[in-house]
Amino acid sequence: MSAESVGEFRSRARAWLAANLPRLDSDDAMVLERDELASWRRARELQQKLYDAGFAGICFPREYGGLGLGYEYKKAFDAEALAYETPLLLNVPSFAICCATILDMGSEEQKRSHIRAALRGEEVLVQLLSEPSGGSDLAGVITRADRRDGRWIINGAKTWSTWAFAADYGLCLARTDWDAPKHNGLTMFLVPLAHPGVTINRIRQVNGSVEFCEEFFDDVDVGDDAVVGEPGKGWEVASRQLYHERRTMGDGSEYTSGPGIAEAEDISIDLLSLVDRSKQGDSDRVRELVGRALVHRAVHGQLSEHVFHAVAAGTLPPAAGSIIRLDMAEVHNVENDTAHAIAGSAAVVEDDARLLDVGTRYLGRQIASIGGGTTEMARNVIGERVLNFPREYAADRGVPFNQVRRGKAAEGGQK
């Protein structure tokens, strides 16, 4: 039996989408509210539909529940899915970052169990990386995992974990050896968030969103089957995870499904609609601003494609994913700045213009420059690992972690 061509696959997807998923402009589509559990339940239901119909995990291997198809099939499906309600919530970080990391670094059992469950809509996975006292130094984590009676006992805290409130498992980086240099004493764990020792609190941002969470681990016990990779080699797993995160933030992952970040209606701003609502379509200045922003978006799409194929072909190193992550922040900022310039004072008041959402979005403008690692960190990665500039000096490089000077907030980590 000959393989289905991209054109045949696209035609089949087009027909199935029209018959089975609601269009975004219909009354049957549910408004996407990433902070609400109802939206997450809906996403799981839609994902189950995709799985049953044979459209889930297009680029994930068949043995783990996917279709095992090439990137061009994913792009064909994405193009057809633009007008429909799809389970966008599950793309990031569950599929494109966490499942992708497990695919690269996990055990065979972890791949068969968790990737398949995620593709069926049964599990959601998140990242548990940042810590209250850690800043951008991920290798300096002080959440600890101690060996006790054949189990790993995790204690500590994580923060800025996106959508942890809706998740089943988290990839948690913890320190397992305090005598080793900071990059060498880490282990990655796949932690069940329903564990009684895990407490999750939601963080309210200035724009009202509560998508971020903080987590506290009190004697959370997990077995060896929770270790992703090998004990003491957690930095290798974290590095691969960051690689997937940076590509994903730039819409460059093959493991997403449906519209990417640049097209998601609740993230990307519809500038043409904004011009109509503000009644400024005759303004040369406004047309120039919108044109500039749309060009940025179009160029980003081309850049994302170029970097993806260059990394796949080996002409660019995997670290080049930081290029599209950096550019995505620029696109996001240009769009937000443009929208704010067009809306003017109407963005900060609730009136007949109904443009307050522009001002609310602007309050969260810096998220794109922080999420997935700051833009400053992205520039460092590009300089050192893509352009081969000399590495920055680090006073703690090669020093046992228990001898590294840290602030008072971290002093309890060695107890």
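How far apart are the mean positions of the positive and negative charges of the chain? For the 47 positive and 62 negative charges, the two mean positions are 3 Å apart. Here Lys and Arg count as positive and Asp and Glu as negative, with His and the chain ends not counted; each charge is placed at NZ of Lys, CZ of Arg, CG of Asp or CD of Glu.

Colleagues, this is a predicted model, in which local features need pLDDT of at least 70 and side-chain atom pairs count only at pLDDT 80 or more, while totals for chains, interfaces and linings use all residues. Residues are numbered from 1 along each chain as its sequence is written, and side-chain values use heavy atoms, leaving out hydrogens and water.

Let us turn to the overall form. The chain has eleven helices and eight strands, taken as DSSP runs (helices H or I, at least four residues; strands E, at least two) and numbered from the N terminus. The C-alpha trace spans about 65 × 60 × 45 Å along its principal axes.

Next, burial and contacts. Of the 415 residues, 49% are buried, that is, under 20% relative accessible area, with exposed over 50% and partly exposed in between (1.4 Å probe, protein chains only). Among contacts (heavy atoms within 4.5 Å) with a separation of 6 or more, 73% join residues 24 or more positions apart.

Finally, one residue. L387 lies in the segment after α11 (375-386). L387 counts as partly exposed because its relative accessibility is 48%. The C-alpha atoms of L387 and L21 are separated by 45 Å, the two residues being 366 residues apart along the chain.
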